[in-house]
Structure formats: structure tokens, C-alpha cells
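Please open the model in your viewer and keep the sequence panel beside it. The tour starts with the surface and ends at a single helix.

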Amino acid sequence: MINELDKELERRGHRFVRYADDCMIFCKSRKSAERTLSNILQFIEEKLFLKVNRKKTKVSHISRVKYLGYTFYRHQGKCRFRVHPKSVGKMKERIREITDRHKGISNEKREEMYQQFVRGWVEYYKLADMKSLLKETDQWARRRIRAVYWKQWKKPRTRYRMLRALKCEHWVAREMIRCRKGYWRMAQVIGSVFKNEIVVKLGYMSMFDYYLIVREN
């Protein structure tokens, strides 16, 4: 049924993009956009007999639009993509869930969930410019992952053994296991020996590195 909308927009000479029932129509001015919106709403409701969600239907500048999780900006005369802030928020919330140190799942399951999420999310948003975002997210996520392992090691003897296995000096390991700082603070402290490469080997792939492989911009 919405295919008829495409034909009508083409007949009227509009530039537009549509995915399923999510559509954007591009106009040169706000006045033109408001007139187009009024006419197209009338066509959809009176000709196609479809109900339009008025709360989600509006006239807005392209830089303030959220479309399929993306937002847009101009650079050197070209339209570029970014990940919309709301999409970033949802991504971080999902990583919080997966790396929740109170979550009763095995390390193998957590690693699998993390890897699946990273692959799917980065593949979806690979059109976006997001190098800085992913570098910051990797740093934050790895700290959360280290906090998970620090909590799991729990006993001083286990922590000492694991730190030594990570090539930590005897006296440094002794100082670390005696430290009474919380999990989040200790996750930063042990980063000097629990390096990024080790986190990746455990199965927690880098979002930034994967983006460099699959990006299309």
C-alpha cells in the first residue's frame, strides 16, 4: 500500500527516502516542507486510508532528524552520517547489561553475547563517522570487563595468582590485592597488567577495530 506513496512522491517530483513505513521527504525550505507535509498527509489519509502518527511526523532540519538510528551533518558540501545520541544511549545500556558483574552467567556466555552484539551493532552503523565514539566506548567497556573479572577472582590468593599470570611483579601484585578500593576503581588500576590485548583474546572484540574492517565511508 505504501508503494502508492512512492509513486505519488515521484509524480510530484519530490526527493525522498523510505524504509518500510519510515519516510523522509526533502525540501529546500521550511515553508515548502510544511506545504508538502500538509498535502502528503491528506493523500495518505484520504487516498490510501492509512493513519499517520502525528507525534512522529514533523518538519525538521536534516541535522536534527533521527532516521533508522542515524543522524546527519554536512561536511565539505556532502551529507555525512553519525549515530544518533539516543542510539548511542541504547548501545551503552546494552553493554551495561552484558557486562553487569552481578549477572549470573558464565564468562563464555558473556563473551559470546558481547561479541554478537558488537558485530551486529557495528555492522548496522558502519555508514556512520564514529571513530572517536568507538574508541571511548572500547575504553569504558574494557574497564567494565576488568571489573567483572576482579570481582570473580574475589579471594586475595586467587587475585595474586591471576595477577602473577598476567606478568605482574610480585610486590605490585601484593599491593593490588591489599587495596581496598571498589571494583570500578580497581578495574582501572589493574589495566596496567590486564591489557587491552588480553581482553580481546578473552573474546571481547574491539568495536573500533571491527569498524575499521567493515566501515563503508
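Begin by showing the surface of the protein chain, whose accessible area comes to about 14,500 Å², with 49% of it belonging to carbon and sulfur atoms; such areas come from the Shrake-Rupley method with a 1.4 Å probe, and for residues only the protein chains shown count as cover. This is a predicted model, in which local features need pLDDT of at least 70 and side-chain atom pairs count only at pLDDT 80 or more, while totals for chains, interfaces and linings use all residues. Residues are numbered from 1 along each chain as its sequence is written, and side-chain values use heavy atoms, with hydrogens and water left out.

Next, switch to a cartoon, where the protein chain has 10 helices and four strands, taken as DSSP runs (helices H or I, at least four residues; strands E, at least two) and numbered from the N terminus. In order from the N terminus, the elements run α-β-β-α-β-β-α-α-α-α-α-α-α-α. Reduced to its C-alpha trace, the protein chain spans about 75 × 40 × 25 Å along its principal axes.

Now select helix H10, residues 207-214, whose buried residues (under 20% relative accessible area, 1.4 Å probe, protein chains only) are Met207, Phe208, Tyr210, Tyr211 and Val214. Looking down the axis of H10, you find these buried residues within an arc of 160 degrees, so they line one face of the helix; the arc is that of the directions from the helix axis to the C-beta atoms.

Finally, add helix H3 (85-98), helix H4 (107-124) and helix H5 (131-153), which are among what covers the buried residues of H10, contact meaning heavy atoms within 4.5 Å.

Notes
Buried < 20%, exposed > 50% of the residue type's maximum accessible area, 1.4 Å probe, protein only.
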